[in-house]
Amino acid sequence: MYDLNPKQKEALNYSEGPMLVFAGAGSGKTRLIAHKFIHLTKVKKLSHDSIFTVTFTNKAADEMKERISRLIEKDINGAWIGTFHSQCSRILRKEIKVLGYNNNFTIYDEDDQYNLVRHILKEFKIYEALYKGIVTRISFLKSSLISPQDFLSTGDGFGFDEKLAKVYVRYQDELKRCNALDFDDLIMLTVKLFKEYRDILEMYQNKFQYILVDEFQDTNFAQYHLLKLLASGHKNICVVGDDDQSIYKFRGANINNIYNFEKDFTGTKIIKLEQNYRCTQHILDVSGAVISRNSKRKNKNLWTEKGRGEKVQFCWFNTYEDEAKYIARVIKEYYLKGTNSYRDFAVFYRVNLQARVLEDALRDNGIPYRIVGGISFYQRKEIKDIIAFMRLALNHGDNVSFRRIINIPHRGIGSATISKIEHEARKKSLSLFDALKLSLKGESFAPAVKEKLTEFVNMIDTFSATKYKSAGDMLEHIYEITGLSEFFEEERKNNIEDLISSSNNKDIKDFIDRISLITNMDEPCNTDCVSLMTLHNAKGLEFPVVFITGLEEGVLPYCKALNNEEEIAEERRLFYVGMTRAKDILWLTGARKRKLYAKLQEQEPSRFLKDVPKECCKWMEKISFNHPIQISTIKQKIKIAENFTIYTTGCRVKHPSWGIGVVRDCYGDGDDAKVMVNFPNIGIKRLAVRFANLEKI
DNA sequence: AAAACTCCTCTTTTT
DNA sequence: GAGGAGTTTT
């Protein structure tokens with residue numbers, strides 16, 4: 001009834017006890033989860049809010065909710081479908097008081113973490129530029145559930161980082177003082193809550209009769225621990241993932257979670273979904289051959305009913321500019337041929353700086369494009385500024401926001417005044433805001449400064465006291481009163497106005513939570529354009545035609561990820577994720593010379609190309625852009641393909657004597673390229689491109 | 001408080 | 001080679 005394949009059905013029907021689903025790329029795992037949710041409610045009669053469903057991103061959660069409610073034609077408001085972070089914040093908003101926080105806590109994002117750590121480093125007189133590394137390390141500790149106290153107590157060993165420990169202790173203290181939680185706290189404190197308050201844990205264990213986890217390969221230690229706590233009673237947990245698509249190790253994702261699952265949950269049912277609904281067999285063969293070189297992985301054998309499809313194209317250029325120009329021309333050719341619209345194409349790259357040259361090339365060819373990912377809306381300075389007013393009004397303890405806006409817009413409050421307030425706050429153990437308020441009663445400030453400060457305090461108090469109808473109302477009020485509406489230049493003002501209109505008639509607390517947890521606002525692309533993105537951003541997407549660029553040593557794999565086998569394995573997975581996004585046609589490209597940062601470098605072809613089975617590929621090398629010369633590469637002689645004329649199945653050609661026909665198949669490389677063309681009235685002809693004098697139309 | 005200057009960094013990134 | 005941040009100069 002659900003139109004699922006046998007393996008998917010098996011996974012659907014197994015609903016007592018732990019299950020691990022290895023879901024290969026394109027094997028319909030999101031579909032499985034949606035159906036499983038419905039199955040649990042319909043057949044097992046579970047209520048919508050008794051299934052704890054975790055997705056990797058908020059976007060995925062929204063899509064999941066939408067998908068489910070469309071399938072059952074019912075609203076599922078109140079269902080527990082979300083990311084680990086949003087689920088945890090929902091729990092903590094209810095329960096956190098027992099841990100000594102107030103439940104109107106503020107959620108700090110990475111930027112706030114940076115600010116706080118920098119502030120602490122300044123105070124400790126530690127070299128401030130270390131802040132990024134320190135935030136990363138603190139985050140790693142927290143996602144391993146190592147509290148400052150734990151870290152200190154392990155600290156007598158060799159190589160212990162005294163400074164880090166000191167900063168970590170202080171950082172965690174400051175967060176609490178601010179009544180703020182960072183992303184890792186959301187998980188760590190929920191675990192703490194469940195460990196220390198068994199009755200609360202039991203309540204949630206009973207509440208959540210079933211646990212569904214998507215993208216399990218990207219969970220970290222703390223998240224997995226949380227799942228184990230929640231599932232330890234009934235053990236009704238189904239995790240779905242693909243170890244080959246684990247690409248977030250640098251963010252704490254622990255691929256071992258997926259390998260340990262069956263040890264941690266005895267009697268785990270394991271199901272492999274190996275039927276792929278996306279790619280052609282050629283693409284599966286190539287990507288499969290590459291990924292099979294990783295040693296530590298569950299073996300899979302992906303297959304498809306789609307047929308072999310076109311061969312994978314590999315193209316090696318003289319320079320990175322040639323690479324970009326060629327890609328633009330190829331896209332244009334496909335487009336003009338009429339087989340594809342622009343939205344069918346995606347170009348992937350390892351690092352963002354590769355986008356620039358691609359953009360130029362596309363623009364020169366008049367090809368519309370969009371960049372997926374990139375700087376997120378909510379990270380913009382002006383957005384963070386106005387939100388800081390909102391946060392401080394709702395949580396007077398939020399020192400990070402206080403420091404951010406005390407002199408925005410400029411009201412003549414300099415570092416001397418701020419240190420006075422900091423000092424006072426420390427002395428009286430108050431928040432900066434409350435310390436300031438108290439100081440204003442005394443005579444510690446010059447009259448002019450005092451006036452400005454009083455104005456500031458009154459303003460924030462007004463925002464706190466006013467009962468707003470919606471987040472939009474509040475922001476609009478702030479926007480006017482603060483003078484931000486005059487402070488920023490045009491573009492920033494527009495962004496703020498966009499924010500205000502998007503927050504109209506939204507509940508203030510929901511809105512704050514949402515923007516704290518949602519970091520990007522990628523609206524769906526309505527116009528017909530080519531998508532450019534990093535390989536990381538490509539995860540979960542699919543396109544008919546995919547280009548993966550920069551297949552060079554130092555780019556893919558990236559030069560900073562060559563330190564050990566593990567890192568290279570992750571780069572290989574990244575490449576794998578990219579390849580398996582392609583439905584029909586996959587192009588792999590690279591260039592001999594590439595400009596990275598300021599210097600032009602000589603590049604070698606990527607080591608991953610050695611694993612690509614030759615028979616699945618068309619290889620060509622274009623050393624000189626318009627005058628190809630023969631040269632050998634990748635351990636074999638490669639003939640150069642005809643100059644920019646690409647024949648693909650489905651394209652129409654004109655032959656001097658047989659007229660117009662449709663290409664049915666193409667094979668062979670360079671001078672040996674042959675095509676099979678179906679000419680109406682004449683029939684199918686096999687032709688060598690070199691001799692046939694074909695004209696593409 | 002703006003302008004001019006130097007220094008630094010520059011993987012990937014969602015929450 | 002560019003953007004950001006911090007510092008010094010005006």
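A polar side-chain atom of N537 sits 3.1 Å from a phosphate oxygen of DNA strand B. That is one of several links to the backbone of the DNA in this predicted model. N352 offers another, with an N or O atom of its side chain 3.0 Å from a phosphate oxygen of the strand. N58 does things through its backbone instead: a polar backbone atom there lies 2.7 Å from a phosphate oxygen of DNA strand B.

Zooming out a little, 23 residues surround DNA strand B, and the ones that come nearest are N58, R251, R350, T534 and K560. Sorted by class, this surface is made up of 10 polar, nine nonpolar and four charged residues. On the DNA side, sugar or phosphate accounts for 56% of the strand's atoms within 4 Å of the protein, while bases make up the rest.

Now for the empty spaces. Searching the whole structure turns up four cavities of 30 Å³ or more. The second largest holds about 120 Å³ of space. Its lining consists of 10 residues, with D109, I387, R391, I515 and S516 nearest the centre. Two helices, α16 (381–394) and α24 (508–517), each supply at least two residues of that lining. By class, the lining has five nonpolar, three charged and two polar residues.

How far can the model be trusted? Chain A has an average pLDDT of 86, and 91% of its residues score at least 70. Residues 624–645 are another story, with pLDDT staying under 50. The model does give this stretch 56 contacts beyond four places in sequence. Still, where pLDDT is low, predicted coordinates shouldn't be read in detail.

Definitions and conventions:
Residues numbered from 1 in each chain as written. Chains lettered and ligands numbered in written order. Predicted model: local features only at pLDDT ≥ 70, side-chain atom pairs only at ≥ 80, totals over all residues. Heavy atoms only, no water. pLDDT = per-residue confidence, 0-100. Contact = heavy atoms within 4.5 Å. Near = heavy atom within 4 Å. Polar contact = N/O pair within 3.5 Å; in protein donor to acceptor, adjacent residues only side chain to side chain. Nonpolar A, V, L, I, M, F, W, Y, C, P; charged D, E, K, R; others polar. 1 Å grid on protein atoms, 1.4 Å probe; cavity = no way out; pocket = protein on both sides within 12 Å on 5 of 7 lines; lining within 4 Å. Points joined across faces, edges and corners; volume = space filled by probe spheres on them. Helix = DSSP H or I, 4+ residues; strand = E, 2+ residues; numbered from the N terminus.
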